[in-house]
Amino acid sequence: MVATVRIRQWPTPIGLGPGQVVLEAALNAGVPYPFGCQSGNCGACKSLLIAGSVELAEHSEFALTDEEKAQGLVLACRSMADDDIEIAWIEGEDLALHAQRRLDCRVAALDRLTHDITGVTLAIGSGGPFAFTAGQFVRVTFPGQKTRDYSMANRLEEPNLVFHIRHMQGGAVSAFVADELEVGMPVVVEGPNGIAHFKEAHTGPILALAGGSGLAPVASIVETALAKGRRGPIHLYFGARDERDIYLEGRFRALAEKHPNLSYTVVLSQPSGPTSRRTGFLHEAVAADFPSLDGAKAYVAGPPVMVDAMTPVLVARKMRREDIHADAFYTEADKPKATA
Ligand SMILES: Cc1cc2nc3c(=O)[nH]c(=O)nc-3n(C[C@H](O)[C@H](O)[C@H](O)COP(=O)(O)OP(=O)(O)OC[C@H]3O[C@@H](n4cnc5c(N)ncnc54)[C@H](O)[C@@H]3O)c2cc1C
Ligand code: FES
């Protein structure tokens, strides 16, 4: 141990190991520290450094601006310290902090949603009760596999946990899910985590923007908002490469018929033939459709490149940064160890 970290919201100090970042030490100690990408890109672990100093490793301007740094803010996932520090995570509006659980689950159903996305339904056996807010994710361990993050696609009120897992080229766990996972297998789920979740207090228009299996958390948010009687406009955009990558279209068309405040738009980036659908990139469609987004909120999920392209479009249309809630699906390979 090289230093002690006092966390304002946690009763006991935690130890920081050599080369360890504050977030990693906190999560290992069972602290429900808010986090997302763990790679300095999302801002979910933004914290106020109350005492001491940290070395801050590389991060994006979106996650932490120079102005915020000047105000004493740091990113827990990028912060290392040689001496004792005191820190507090930022309690944003409507921040969900549910009890952390370790659930023993079993695979209850497997559905082929597209040629490369599998719907995985898990029945919770023990370890509950489990609460989460729509849009959050958990750490999932399939038999004999490394642990990975996956976002819930279901609503809290539904009994089973549902995930949409895309088979990533060269990916270890997603290949196991696509080829070897079977109904009845045991699965461990830990969480919930993430702050890019549904903010119930906000009543303005919602942009729900999903790329590929990013539809999982976005579907959970849209269906939760509708179930809670949200009447304001909800614009759901789903970006896919080609026709064969579209899924749950029937479900969202039916929801849009039932709820006139929901619009549903599919945008294809690489159609293999003539199509009557919108084409281009998701951020281009949003840019074309909304001259101003003042007062609106966006929930964005999917590949990092899509999330990165979307953010400046939203900001340029006057959406406040604190109204952009993004979960980029970073892989372990995207998460380099923090080096200051
Ligand atoms: C907050 C969050 C939520 C997420 N939610 C979802 C979700 O709902 N659905 C979903 O499908 N995914 C989601 N993900 C992504 C998911 O966690 C996994 O990263 C994804 O499934 C790939 O895991 P894998 O084990 O198959 O790939 P990995 O084995 O981790 O490989 C990932 C990529 O890195 C490459 N790679 C592997 N090893 C190396 C190496 N040594 N050097 C260089 N490159 C390498 C692989 O070719 C592959 O392209 C989420 C991620 C985050 C951070
Ligand atoms: S910036 Fe720290 S978890 Fe994303």
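## A walk around the ligand and its sheets

The shell around ligand 1 is made up of 13 nonpolar, ten polar and five charged residues. In that tally, Ala, Val, Leu, Ile, Met, Phe, Trp, Tyr, Cys and Pro count as nonpolar, Asp, Glu, Lys and Arg as charged, and the others, Gly among them, as polar. A word on the ground rules: this is a predicted model, in which local features need pLDDT of at least 70 and side-chain atom pairs count only at pLDDT 80 or more, while totals for chains, interfaces and linings use all residues. Residues are numbered from 1 along each chain as its sequence is written, and chains are lettered from A and ligands numbered from 1 in the order in which they are written.

Let us stay with the ligand for a moment. In total, 28 residues surround ligand 1, and the closest are Gly170, Gly171, Val173, Ser174 and Ala333; a residue is near a molecule if its C-beta atom, placed from the backbone, lies within 6 Å of it. At least two shell residues come from each of β11 (148–151), β12 (161–166) and α3 (172–179). Helices (H or I, at least four residues) and strands (E, at least two) are DSSP runs, numbered from the N terminus. Because domain 2 (101–193) and domain 3 (206–332) both give residues to this shell, ligand 1 lies between them. The domain bounds come from an automatic or database domain assignment.

Now follow β12 into its surroundings. Six of its six residues are buried, meaning that 20 or more other C-beta atoms lie within 10 Å of a residue's own, with C-beta atoms placed from the backbone (exposed is 12 or fewer, partly exposed in between). In a regular strand the side chains alternate between the two faces of the sheet. Both faces of β12 are covered, with Leu161, Phe163 and Ile165 on one side and Val162, His164 and Arg166 on the other. β12 runs antiparallel to β9, joined by six bridges, and Thr121 has Val162 as its bridge partner in β12. Two strands count as paired if DSSP finds at least two bridges between them.

From β9 (residues 117–126), eight bridges lead to β8, again antiparallel, and a hairpin of four residues joins β8 to β9. Here Arg106 stands opposite Ala123 in β9. β8 (residues 101–112) also pairs with β13 (residues 186–193), antiparallel over six bridges, where Arg101 has Gly191 as its partner.

Next comes an open sheet of six strands with parallel pairing, in the order β17-β16-β15-β14-β18-β19. Its edge strands, β17 (278–279) and β19 (324–328), each pair on one side only. Within this sheet, β14 (residues 206–211) and β15 (residues 234–240) are joined by six bridges, one of the partnerships being Ile206 with Ile234.

Helix α4 (residues 215–227) is worth a look too. At 1.5 Å a residue, its 13 residues should span 18 Å (1.5 Å times one less than the number of residues), and its end C-alpha atoms are 17 Å apart, which agrees. Eleven of the 13 residues are buried, including Leu215, Val218 and Ile221. Gly229 follows α4 with a positive phi, near 85°.

Finally, turn to an open sheet of five strands, ordered β2-β1-β7-β3-β5 with mixed pairing. β2 (14–16) and β5 (73–75) form its edges, each pairing on one side only. Strands β1 (residues 3–7) and β7 (residues 85–89) run parallel and share three bridges, with Ile87 the partner of Ile7.
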